[in-house]
Amino acid sequence: MPLHRPFATRLMHERLQICGEVLELLDKHLVPSSSTTEASVFYLKMKADYYRYLAEFKTGDARNSTAESTLNAYQAAQVRASAYAHECGMVVVGKRQHGRYEWPSLLQAIANGKWII
């Protein structure tokens with residue numbers, strides 16, 4: 001057994017725990033209590049980012065499920081930002097290509113492990 005394996009396993013478990021705690025905080029407190037659209041969009045994007053971090057080291061169905069959660073959070077942020085663009089100012093959510101947002105390609109990149117932080 002390589003010496004780095006126990007350390008890598010411990011880091012992965014810590015990452016799971018920390019991301020889980022942040023996602024719980026976002027879901028239970030920050031997103032519901034955000035008082036402005038800009039704050040709501042910020043927290044939803046942050047939620048999507050943490051799901052993306054988790055998707056980077058998961059495999060199979062767990063990766064697909066996490067990638068779907070990532071996409072849902074990014075889309076929720078996009079819908080909120082689009083509906084209240086005048087209030088949000090410069091908040092940009094998602095990956096923009098050819099003048100439009102490419103959500104399916106984002107999900108595919110996450111699912112295939114090709115999304116880089």
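This report walks through helix packing, the nonpolar core and one buried threonine in a predicted model.

Let's start with the helix pair. Two packed helices are described by the angle between their axes and the distance between the axes. Here the axes of α1 (residues 4-33) and α2 come within 10 Å and cross at roughly 160°. That angle makes α1 roughly antiparallel to α2, and the crossing of α1 past α2 is left-handed. The α1 side of the contact includes Cys-19, Val-22, Leu-26 and Val-31, while Tyr-43, Leu-44, Tyr-50 and Leu-54 are among the residues of α2 that meet α1. By type, the residues of this contact divide into 14 nonpolar, three charged and no polar.

Next comes the largest nonpolar core, which has five residues: Val-31, Val-41, Leu-44, Ala-77 and Ala-81. At least two residues of this core come from α2 (37-55), and α3 (60-83) likewise supplies at least two.

Two residues are worth a look for their contacts beyond four places in sequence:

| Residue | Contacts, leaving aside neighbours within four places in sequence |
|---|---|
| Val-31 | Leu-26, Tyr-43, Leu-44 and Arg-80 |
| Thr-66 | Tyr-51, Leu-54, Ala-55 and Lys-58 |

Val-31 ties the two topics together: this residue belongs to the largest nonpolar core and is also one of the α1 residues that meet α2.

Is Thr-66, a residue of helix α3, buried or exposed? Thr-66 has a relative accessible area of 5%. Buried means under 20%, so Thr-66 counts as buried.

Technical notes: Residues are numbered from 1 along each chain as its sequence is written. This is a predicted model: local features need pLDDT of at least 70, side-chain atom pairs count only at pLDDT 80 or more; totals for chains, interfaces and linings use all residues. Side-chain values use heavy atoms; hydrogens and water are left out. A nonpolar core is a set of buried Ala, Val, Leu, Ile, Met, Phe, Trp, Tyr and Cys residues joined through side-chain atoms within 4.5 Å. Buried means under 20% relative accessible area, exposed over 50%, partly exposed in between (1.4 Å probe, protein chains only). Helices (H or I, at least four residues) and strands (E, at least two) are DSSP runs, numbered from the N terminus. Contact means heavy atoms within 4.5 Å. Axes are lines fitted to C-alpha atoms, for helices over the stretch in contact, and angles run from 0 to 180 degrees between N-to-C directions. Angles under 35 degrees count as roughly parallel, over 145 as roughly antiparallel, 65 to 115 as roughly perpendicular and the rest as oblique. A crossing is left-handed if the near helix is turned anticlockwise from the far one by less than a right angle, and right-handed if clockwise. Ala, Val, Leu, Ile, Met, Phe, Trp, Tyr, Cys and Pro count as nonpolar, Asp, Glu, Lys and Arg as charged, and the others, Gly among them, as polar.
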